[in-house]
Amino acid sequence: TTEKRHVLRKSLQQLLLELGNYNFIATHRSYAVNPQHIDTIDLEDSTVILGATQIPISKRYRDAVLKALGR
């Protein structure tokens with residue numbers, strides 16, 4: 001979040017299922033983002049940028065992220 005970092009003791013996939021209709025997308029096995037808050041995607045560095053925060057995009061999730069963002 002913009003205020004603080006949250007660390008949970010459950011899998012990211014389980015969390016995404018619980019969030020359901022909030023449209024979060026996984027970018028890495030440890031990260032998920034709300035696409036409405038993405039400012040920029042840096043494909044050279046494989047990151048999404050949310051304000052001053054850079055979140056990695058792994059090779060495994062790259063195609064799904066680009067598809068979710070209509071690219």
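User: What makes Thr27 a buried residue?

Analyst: Thr27 has a relative accessible area of 0%, and because buried means under 20%, with exposed over 50% and partly exposed in between (1.4 Å probe, protein chains only), Thr27 counts as buried. The model is a predicted one, in which local features need pLDDT of at least 70 and side-chain atom pairs count only at pLDDT 80 or more, while totals for chains, interfaces and linings use all residues. Residues are numbered from 1 along each chain as its sequence is written, and side-chain values use heavy atoms, without hydrogens and water.

User: In which strand does Thr27 lie, and what lies 2.9 Å from a polar atom of its side chain?

Analyst: Thr27 belongs to strand β1, strands being DSSP runs of E with at least two residues and helices runs of H or I with at least four, numbered from the N terminus. The atom 2.9 Å from the polar side-chain atom of Thr27 is the backbone oxygen of Pro56, and since a polar contact is a pair of N or O atoms within 3.5 Å, one able to donate a hydrogen and the other to accept it (residues adjacent in sequence count only if both atoms are side-chain atoms), the 2.9 Å between Thr27 and Pro56 falls within that limit.

User: How do you know that β1 and β2 are paired?

Analyst: Two strands pair if DSSP finds at least two bridges between them, and β1 and β2, which run antiparallel, are joined by 3, so the condition for pairing is met. His28 and Tyr31 of β2 are bridge partners, and the hairpin formed by these strands has 2 residues between them.

User: Why is Asn34 called buried, and what is its relative accessible area?

Analyst: The relative accessible area of Asn34 is 16%, which puts this residue among the buried ones, although Asn34 is placed in the loop between β2 and β3. A polar atom of the Asn34 side chain is 3.0 Å from the backbone nitrogen of Gln36, a separation that again satisfies the distance limit for a polar contact.

User: Which strands make up the open sheet, and in what order?

Analyst: The open sheet has 3 strands in the order β3-β4-β5, and their pairing is antiparallel. The edges are taken by β3 and β5 (53-56), each of which has a single partner strand, so that one side of each is left without a neighbour in the sheet. Strands of a sheet pair through backbone hydrogen bonds, either parallel or antiparallel.

User: How many bridges support each pairing of β4, with β3 and with β5?

Analyst: The antiparallel pair of β3 and β4 has 3 bridges, with Thr40 standing opposite Ile49 in β4. The antiparallel pair of β4 and β5 has 4 bridges, and along it Thr47 stands opposite Pro56, Val48 has Ile55 as its bridge partner, and Leu50 faces Thr53.

User: What makes both faces of β4 count as covered?

Analyst: Thr47 and Ile49 on one side are buried, and so are Val48 and Leu50 on the other, which leaves both faces of β4 covered. In a regular strand the side chains alternate between the two faces of the sheet.

User: Which residues take a positive phi in the hairpins of β3 and β4 and of β4 and β5?

Analyst: In the hairpin of β3 and β4, with 4 residues between the strands, Ser46 has a positive phi near 55°, a sign to be remarked in a residue other than glycine. In the hairpin of β4 and β5, with 2 residues between the strands, Gly51 has a positive phi near 65°.

User: Why are Ser46 and Asn23 described as partly exposed?

Analyst: The relative accessible area of Ser46 is 23%, so Ser46 is partly exposed, and the residue lies in the loop between β3 (40-42) and β4 (47-50). Asn23 is partly exposed because its relative accessibility is 49%. Asn23 sits in the loop between α1 (12-19) and β1 (25-28), and its phi, near 65°, is also positive in a residue other than glycine.

User: What makes Ile57 count as buried, and how far apart are Ile57 and Ala26 in sequence and in space?

Analyst: Ile57 has 8% relative accessibility and therefore counts as buried, while its place is in the loop between β5 and α2 (59-68). Ile57 and Ala26 are separated by 31 residues in sequence, with 8.5 Å between their C-alpha atoms.
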